[in-house]
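Trainee: I'd like to go through this model with you and test the words we use against their definitions. Shall we start once it is on screen?

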Amino acid sequence: MWDYQTPIYDILEGLSNVVKAGKVRYVGISNCYAWQLAKANALAKKEGFPQFVSIQGHYNLIFREEEREMAPFCYEENIALTPYSALASGRLSRKPGEDSKRLQQDSYAKFKYDATKEQDAAVICRVQEIAEKRDVTMTEVSLAWLLTKVTSPVVGATKFHHIEGAAKAVELELTEDEIHYLEEPYVPHALAGVMAQNRPESAKEKHVWSTGNQKI
(Lines give C-alpha, C1' and ligand atoms only; values in the text may rest on other atoms or scores of the structure.)
Protein backbone atom coordinates (compact mmCIF):
# COMPACT_ATOMS: atom_id res chain seq x y z
CA MET A 1 0.00 0.00 0.00
CA TRP A 2 1.09 3.59 -0.59
CA ASP A 3 3.33 4.76 2.26
CA TYR A 4 2.37 8.29 3.25
CA GLN A 5 5.07 8.42 5.94
CA THR A 6 8.09 7.70 3.73
CA PRO A 7 9.18 9.94 0.83
CA ILE A 8 8.54 8.14 -2.45
CA TYR A 9 12.10 9.04 -3.54
CA ASP A 10 13.51 7.02 -0.65
CA ILE A 11 11.33 4.02 -1.52
CA LEU A 12 12.30 4.12 -5.19
CA GLU A 13 15.98 4.53 -4.36
CA GLY A 14 15.82 1.54 -2.04
CA LEU A 15 14.15 -0.61 -4.68
CA SER A 16 16.71 0.57 -7.22
CA ASN A 17 19.50 -0.61 -4.95
CA VAL A 18 17.87 -4.03 -4.68
CA VAL A 19 17.73 -4.30 -8.47
CA LYS A 20 21.34 -3.13 -8.84
CA ALA A 21 22.42 -5.75 -6.30
CA GLY A 22 20.87 -8.41 -8.50
CA LYS A 23 18.39 -9.54 -5.85
CA VAL A 24 15.37 -8.82 -8.09
CA ARG A 25 14.94 -8.06 -11.77
CA TYR A 26 11.83 -5.90 -11.75
CA VAL A 27 9.69 -4.06 -9.21
CA GLY A 28 5.93 -3.94 -8.78
CA ILE A 29 3.49 -2.17 -6.50
CA SER A 30 0.28 -3.21 -4.76
CA ASN A 31 -2.89 -1.44 -3.64
CA CYS A 32 -2.50 2.10 -4.91
CA TYR A 33 -4.42 4.62 -6.97
CA ALA A 34 -3.58 5.27 -10.61
CA TRP A 35 -2.28 8.75 -9.78
CA GLN A 36 0.09 7.24 -7.21
CA LEU A 37 1.48 4.76 -9.71
CA ALA A 38 1.83 7.53 -12.31
CA LYS A 39 3.62 9.77 -9.79
CA ALA A 40 6.02 7.03 -8.74
CA ASN A 41 6.92 6.03 -12.28
CA ALA A 42 7.36 9.64 -13.41
CA LEU A 43 9.85 10.22 -10.58
CA ALA A 44 11.58 6.90 -11.25
CA LYS A 45 12.02 7.83 -14.91
CA LYS A 46 13.35 11.28 -13.99
CA GLU A 47 15.87 9.87 -11.49
CA GLY A 48 16.92 6.83 -13.49
CA PHE A 49 15.35 4.35 -11.07
CA PRO A 50 13.52 1.19 -12.21
CA GLN A 51 9.85 1.89 -12.89
CA PHE A 52 7.04 -0.27 -11.57
CA VAL A 53 6.14 -2.83 -14.23
CA SER A 54 3.15 -4.41 -12.47
CA ILE A 55 0.32 -3.56 -10.12
CA GLN A 56 -1.34 -6.04 -7.79
CA GLY A 57 -4.79 -4.77 -6.92
CA HIS A 58 -8.19 -6.07 -5.83
CA TYR A 59 -10.02 -7.08 -9.02
CA ASN A 60 -12.55 -9.78 -9.89
CA LEU A 61 -16.03 -10.17 -11.39
CA ILE A 62 -17.78 -8.84 -8.27
CA PHE A 63 -15.27 -6.08 -7.51
CA ARG A 64 -14.33 -4.14 -10.64
CA GLU A 65 -13.39 -0.71 -9.33
CA GLU A 66 -9.93 -1.03 -10.92
CA GLU A 67 -11.67 -0.44 -14.25
CA ARG A 68 -12.29 3.22 -13.42
CA GLU A 69 -8.71 4.53 -13.69
CA MET A 70 -6.10 1.88 -12.94
CA ALA A 71 -6.86 -0.55 -15.76
CA PRO A 72 -7.02 2.13 -18.51
CA PHE A 73 -3.80 3.69 -17.23
CA CYS A 74 -2.01 0.34 -17.21
CA TYR A 75 -3.24 -0.55 -20.71
CA GLU A 76 -1.91 2.78 -21.96
CA GLU A 77 1.45 2.49 -20.15
CA ASN A 78 1.96 -1.26 -20.75
CA ILE A 79 1.98 -2.05 -17.04
CA ALA A 80 0.95 -5.58 -16.07
CA LEU A 81 -2.20 -6.09 -14.02
CA THR A 82 -1.69 -9.01 -11.62
CA PRO A 83 -4.72 -8.85 -9.32
CA TYR A 84 -5.32 -10.72 -6.11
CA SER A 85 -8.65 -12.12 -4.84
CA ALA A 86 -9.35 -13.40 -8.35
CA LEU A 87 -12.18 -15.62 -7.08
CA ALA A 88 -13.40 -13.27 -4.36
CA SER A 89 -12.26 -15.63 -1.61
CA GLY A 90 -14.16 -18.52 -3.15
CA ARG A 91 -17.41 -16.68 -3.82
CA LEU A 92 -16.94 -16.90 -7.58
CA SER A 93 -16.22 -20.63 -7.50
CA ARG A 94 -19.30 -21.81 -5.60
CA LYS A 95 -23.01 -21.86 -6.36
CA PRO A 96 -25.15 -19.43 -4.38
CA GLY A 97 -26.02 -21.04 -1.07
CA GLU A 98 -23.05 -23.40 -1.03
CA ASP A 99 -20.97 -23.17 2.12
CA SER A 100 -17.35 -23.82 3.04
CA LYS A 101 -15.07 -23.54 6.03
CA ARG A 102 -13.46 -20.44 4.55
CA LEU A 103 -16.78 -18.73 3.91
CA GLN A 104 -17.65 -19.33 7.54
CA GLN A 105 -14.34 -18.41 9.14
CA ASP A 106 -12.53 -15.90 6.90
CA SER A 107 -13.46 -12.70 8.70
CA TYR A 108 -11.39 -10.50 6.39
CA ALA A 109 -13.19 -11.84 3.32
CA LYS A 110 -16.53 -11.25 5.04
CA PHE A 111 -15.37 -7.71 5.73
CA LYS A 112 -14.72 -7.21 2.00
CA TYR A 113 -17.73 -8.94 0.50
CA ASP A 114 -20.64 -9.47 2.90
CA ALA A 115 -21.94 -5.90 2.67
CA THR A 116 -22.60 -6.35 -1.07
CA LYS A 117 -23.54 -10.04 -1.20
CA GLU A 118 -27.08 -9.36 -2.42
CA GLN A 119 -26.00 -7.30 -5.41
CA ASP A 120 -23.09 -9.66 -6.10
CA ALA A 121 -25.42 -12.66 -6.18
CA ALA A 122 -26.73 -11.61 -9.61
CA VAL A 123 -23.22 -11.87 -11.06
CA ILE A 124 -22.46 -15.15 -9.31
CA CYS A 125 -25.68 -16.70 -10.65
CA ARG A 126 -24.60 -15.80 -14.18
CA VAL A 127 -21.21 -17.40 -13.60
CA GLN A 128 -23.02 -20.57 -12.54
CA GLU A 129 -25.31 -20.39 -15.56
CA ILE A 130 -22.48 -20.12 -18.07
CA ALA A 131 -20.46 -22.81 -16.28
CA GLU A 132 -23.35 -25.26 -16.57
CA LYS A 133 -23.97 -24.31 -20.17
CA ARG A 134 -20.30 -24.80 -21.12
CA ASP A 135 -19.86 -27.88 -18.86
CA VAL A 136 -16.98 -26.31 -16.96
CA THR A 137 -16.47 -25.13 -13.39
CA MET A 138 -17.37 -21.73 -12.04
CA THR A 139 -13.67 -21.26 -11.28
CA GLU A 140 -12.86 -21.66 -14.97
CA VAL A 141 -15.51 -19.15 -16.03
CA SER A 142 -14.51 -16.55 -13.42
CA LEU A 143 -10.81 -16.79 -14.23
CA ALA A 144 -11.39 -16.96 -17.99
CA TRP A 145 -13.24 -13.64 -17.71
CA LEU A 146 -10.43 -12.11 -15.66
CA LEU A 147 -7.84 -13.29 -18.17
CA THR A 148 -9.54 -11.15 -20.81
CA LYS A 149 -8.70 -8.11 -18.67
CA VAL A 150 -5.32 -8.72 -17.00
CA THR A 151 -1.85 -10.12 -17.52
CA SER A 152 -2.06 -12.81 -14.87
CA PRO A 153 -4.22 -13.13 -11.75
CA VAL A 154 -2.81 -14.22 -8.41
CA VAL A 155 -4.64 -17.44 -7.53
CA GLY A 156 -4.40 -19.09 -4.15
CA ALA A 157 -4.69 -22.86 -3.79
CA THR A 158 -5.04 -25.20 -0.82
CA LYS A 159 -6.03 -28.29 -2.80
CA PHE A 160 -4.73 -29.82 -6.02
CA HIS A 161 -8.03 -29.35 -7.85
CA HIS A 162 -7.75 -25.61 -7.23
CA ILE A 163 -4.61 -25.61 -9.37
CA GLU A 164 -6.29 -27.74 -12.02
CA GLY A 165 -9.23 -25.37 -12.24
CA ALA A 166 -6.96 -22.36 -12.59
CA ALA A 167 -4.93 -24.05 -15.34
CA LYS A 168 -8.05 -25.07 -17.27
CA ALA A 169 -9.26 -21.46 -17.27
CA VAL A 170 -6.45 -20.59 -19.68
CA GLU A 171 -8.03 -22.85 -22.29
CA LEU A 172 -11.57 -21.49 -21.92
CA GLU A 173 -12.44 -18.69 -24.35
CA LEU A 174 -15.59 -16.79 -23.52
CA THR A 175 -17.59 -15.18 -26.31
CA GLU A 176 -18.17 -11.44 -26.39
CA ASP A 177 -21.82 -12.10 -25.54
CA GLU A 178 -20.85 -14.20 -22.52
CA ILE A 179 -18.44 -11.53 -21.29
CA HIS A 180 -21.15 -8.88 -21.60
CA TYR A 181 -23.66 -11.15 -19.86
CA LEU A 182 -21.30 -11.63 -16.91
CA GLU A 183 -20.53 -7.92 -16.62
CA GLU A 184 -24.05 -6.53 -17.10
CA PRO A 185 -25.40 -6.88 -13.50
CA TYR A 186 -22.42 -5.23 -11.83
CA VAL A 187 -23.07 -2.11 -9.77
CA PRO A 188 -20.38 0.20 -8.32
CA HIS A 189 -18.86 -0.79 -4.99
CA ALA A 190 -17.34 1.31 -2.24
CA LEU A 191 -13.67 0.63 -1.65
CA ALA A 192 -13.08 -2.03 1.00
CA GLY A 193 -10.08 -3.48 2.77
CA VAL A 194 -6.65 -2.01 2.20
CA MET A 195 -7.68 0.58 -0.39
CA ALA A 196 -10.31 2.04 1.94
CA GLN A 197 -7.40 3.12 4.12
CA ASN A 198 -5.31 4.56 1.30
CA ARG A 199 -5.45 8.14 2.54
CA PRO A 200 -3.04 10.33 4.52
CA GLU A 201 -5.19 10.48 7.66
CA SER A 202 -5.12 6.67 7.92
CA ALA A 203 -1.35 6.35 7.62
CA LYS A 204 -0.80 5.61 11.32
CA GLU A 205 -3.84 3.39 11.78
CA LYS A 206 -3.68 -0.36 12.20
CA HIS A 207 -4.27 -1.71 8.71
CA VAL A 208 -7.15 -3.99 7.86
CA TRP A 209 -4.97 -6.87 6.67
CA SER A 210 -4.08 -7.45 10.32
CA THR A 211 -7.66 -7.78 11.53
CA GLY A 212 -10.92 -8.83 9.97
CA ASN A 213 -13.29 -6.99 12.30
CA GLN A 214 -12.03 -3.45 11.82
CA LYS A 215 -14.69 -0.97 10.79
CA ILE A 216 -14.00 1.83 8.34
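Trainee: Which residues does Gln128 touch, not counting residues up to four places away in sequence?

Mentor: Gln128 touches Lys95, Pro96 and Met138, where contact means heavy atoms within 4.5 Å. Before we go on, this is a predicted model, so local features need pLDDT of at least 70 and side-chain atom pairs count only at pLDDT 80 or more, while totals for chains, interfaces and linings use all residues. Residues are numbered from 1 along each chain as its sequence is written, and side-chain values use heavy atoms, with hydrogens and water left out.

Trainee: Why does Gln128 count as buried or exposed?

Mentor: Its relative accessibility is 18%, so Gln128 counts as buried. The cut-offs are under 20% relative accessible area for buried and over 50% for exposed, with partly exposed in between (1.4 Å probe, protein chains only). Gln128 is found in helix α6.

Trainee: And Lys112, why is that residue called buried?

Mentor: By the same kind of reasoning: at 10% relative accessibility, Lys112 counts as buried. Lys112 is part of helix α5, residues 107-113. Neighbours within four places in sequence aside, Lys112 is in contact with His58, Tyr84, Ser85, Ser89 and Ala192. Its C-alpha is also 6.0 Å from that of Gly193, with their positions 81 residues apart in sequence.

Trainee: How many helices and strands does the protein have?

Mentor: The protein has nine helices and three strands. They are DSSP runs, numbered from the N terminus: H or I of at least four residues for helices, E of at least two for strands. Along the sequence the pattern reads α-β-α-β-α-β-α-α-α-α-α-α.

Trainee: What share of the protein is buried?

Mentor: Buried residues make up 44% of the 216 residues. As for contacts with a separation of 6 or more, 74% join residues 24 or more positions apart.

Trainee: Let's turn to helix pairs. What makes α1 oblique to α2?

Mentor: Helix α1 (residues 8-20) and helix α2 (residues 34-47) pack at about 60 degrees, with axes 10 Å apart. Oblique is what remains after under 35 degrees (roughly parallel), over 145 (roughly antiparallel) and 65 to 115 (roughly perpendicular) are taken out. That angle makes α1 oblique to α2. The axes are lines fitted to C-alpha atoms, for helices over the stretch in contact, and angles run from 0 to 180 degrees between N-to-C directions.

Trainee: Which residues of α1 and α2 make the contact?

Mentor: Ile8, Tyr9 and Leu12 of α1 meet Ala40, Leu43, Ala44 and Glu47 of α2. By class, that gives six nonpolar, no polar and one charged residues. Nonpolar covers Ala, Val, Leu, Ile, Met, Phe, Trp, Tyr, Cys and Pro; charged covers Asp, Glu, Lys and Arg; the others, Gly among them, are polar.

Trainee: Why is α6 described as roughly antiparallel to α9?

Mentor: The axes of α6 and α9 cross at roughly 150 degrees and come within 8 Å. That angle makes α6 roughly antiparallel to α9. On the α6 side the contact involves Val123, Arg126, Val127, Glu129, Ile130 and Arg134, and on the α9 side Glu178, Tyr181 and Leu182. Five of these residues are nonpolar, none polar and four charged.

Trainee: How do you know that α7 is mostly covered?

Mentor: Count the residues: nine of the 10 in α7 are buried. Among them are Met138, Glu140, Leu143 and Trp145. The buried residues pack against α6, α8 and α9.

Trainee: What makes α7 oblique to α8?

Mentor: α7 and helix α8 (residues 160-169) pack at about 45 degrees, with axes 8 Å apart. That angle makes α7 oblique to α8. Their contact is made by Thr139, Glu140, Leu143, Ala144 and Leu147 of α7 and Gly165, Ala166, Lys168 and Ala169 of α8.

Trainee: Last one: which residues touch the most other members of the largest nonpolar core?

Mentor: Of its 44 residues, Leu37, Ile55, Met70, Leu92, Trp145, Leu174 and Leu182 do. Such a core is a set of buried Ala, Val, Leu, Ile, Met, Phe, Trp, Tyr and Cys residues joined through side-chain atoms within 4.5 Å. α7 gives the most to this core, with six residues. Beyond four places in sequence, the residues that Trp145 touches include Tyr59, Leu61, Leu174, Ile179 and Leu182.
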